[in-house]
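Let's take a friendly walk through a protein model. We will look at its charged pairs and then at its enclosed space.

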Amino acid sequence: MNPTRAEIDFSKLAFNVEQIRRHIHGEYPRRKIKICGVVKANAYGHGIEPVSKKLVELGIDFLGVANYDEAIKLRNEIPNTPILVFGTLIHSKLEPAKYVSILHKHNLTATVASYDTAKFINDYSRRFKNKFKIHIEVDTGMRRIGLDYRRAYRNIMRIAALRNLELEGIFTHFASSEEKNKSFSRLQLTRFYKLLGDLKKAGIEFPIIHAANSGGVLDLKDSYFNMVRPGLLLYGYYPGSGVRNKIELKPIMNLKSKVTYIKKIEEGESVSYNRKFFAKKPEFIGSIPIGYGDGYWRRLTNRSKVQIGKKLYRQVGAVTMDWIMVELGSRYNIAIGDDVLLMGEDNGVNLGADKLAKMCGTIPYEILCAVADRVERVYLNY
Ligand SMILES: Cc1ncc(COP(=O)(O)O)c(C=O)c1O
């Protein structure tokens, strides 16, 4: 059995959800604010089905996924909780009528980012007795998908005239809410509020309004409306250094393996591909069966540390597809089979995805999503 695994602790997930709840209701004690748990991209690498089940058990109101494939798979496990699909509907290989009927059958909630999508769903929904639930995405500055805020009013009036849709929600998405400087996020919010005000005057109101991703949850209370959409916070990380430590969080994934091989190398000998490390003295090197094929980035070559027992050891030589090597020193007190922590937190040692991300020149999101399928996920405190 491969000893490399991602241990995912659901008591920490519960802790993070509770911290988010306390934070948002601390700002608005009397307002009912729903939480849409963002579980796209396999729950940021943590396993979409078990994580979603746990979130439902923890009383989460909505689940947010990136596309219809994720949503349909998830619906088989989660029969009742609303699933909001952030992606747009792309006319698939299937017949349009068949396609829309699959969405109806799975009771999914669609993001609508253009009039054409709304019309498409509407036209193929005639034969169903339930209206199809949609959330309209307004682009207030992200410039990814969404109705351009300058023309959204006109388009929403046209969408509102379609008979087979239920306009359940409206939302926007921040481009930089995790940064310390909030001026662009505030501009996005101003645009969104203005549109909501104009629509209200025309008699169009949405039961669910949302905007806050993790950065918004931490730092933009005007963006809560009546639903928030945190992703990264659930998994125990801050989305950026500009919003660090606003609430307490616990990383829920510990990436672990075991020491599987130990050998002595001589002074001047190199370790691994392309000879990027040379021993300065005779010393012991341990080999750990994890590499970039598991999501342990090659960029970490000669940069990261791992924890064995209570001590940290330097990773040396190029990270290979299946192995890394660590410097154990001239004497060591380690046995084959000892546990190794590669990412996460244990015994007060912090090897967080955010730290690894810094070393790799990326963001914790990418580090978490990179944990490969071949790494077994083990769920603790289920
Ligand atoms: C539409 C939408 N809402 C919410 C989120 C959650 O973002 P975060 O993980 O920063 O909370 C994402 C993720 O990028 C998203 O695309």
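This report covers salt bridges and then a cavity.

## What we are looking at

Before we start, keep in mind that this is a predicted model. Side chains of opposite charge can pair when their charged atoms come close. How many salt bridges does a search of the whole structure find? The search turns up 24 salt bridges, and a few of them are described below.

## Arg143 and Asp148

Let's begin with Arg143 and Asp148, whose side chains form a salt bridge at 3.4 Å from N to O. Are these two partners buried or exposed? Arg143 has a relative accessible area of 54%, which makes Arg143 exposed because the cut-off for that class is over 50%. Asp148 is at 10% relative accessibility and counts as buried, since buried means under 20%.

## Lys246 and Asp219

Next come Lys246 and Asp219, with a salt bridge of 3.0 Å, again N to O. Where do the two residues sit? Lys246 belongs to the loop between strand S10 (227-228) and strand S11 (253-258), while Asp219 is part of helix H9 (residues 214-219), so this pair ties together parts that are 27 residues apart in sequence. Lys246 is partly exposed, with 41% relative accessible area.

## Lys256, Asp346 and a network

Our third pair is Lys256 and Asp346, whose side chains meet in a salt bridge of 3.9 Å, N to O. The two residues come from distant parts of the chain: Lys256 lies in strand S11 and Asp346 in strand S19 (residues 339-346), 90 residues apart. Lys256 counts as buried at 10% relative accessibility, whereas Asp346 is partly exposed at 27%.

This pair also has company. Arg5, Glu7, Lys256, Lys258, Asp339 and Asp346 are joined into one network by salt bridges that share partners.

## An enclosed space

Now let's turn from charges to gaps. Rolling a probe the size of a water molecule over the atoms shows where empty space is left. In this model there is 1 cavity of 30 Å³ or more, and the largest cavity holds about 40 Å³ of space.

Which residues line the largest cavity? They are Leu255, Gly295, Tyr296, Trp297, Leu300, Met343, Leu356 and Ile367. Sorted by class, this lining has 7 nonpolar residues, 1 polar residue and no charged residues. The polar one is Gly295, because Gly is counted among the polar residues here.

Note on methods. Residues numbered from 1 in each chain as written. Predicted model: local features only at pLDDT ≥ 70, side-chain atom pairs only at ≥ 80, totals over all residues. Heavy atoms only, no water. Salt bridge = Lys/Arg side-chain N within 4 Å of Asp/Glu carboxyl O. Buried < 20%, exposed > 50% of the residue type's maximum accessible area, 1.4 Å probe, protein only. Helix = DSSP H or I, 4+ residues; strand = E, 2+ residues; numbered from the N terminus. 1 Å grid on protein atoms, 1.4 Å probe; cavity = no way out; pocket = protein on both sides within 12 Å on 5 of 7 lines; lining within 4 Å. Points joined across faces, edges and corners; volume = space filled by probe spheres on them.
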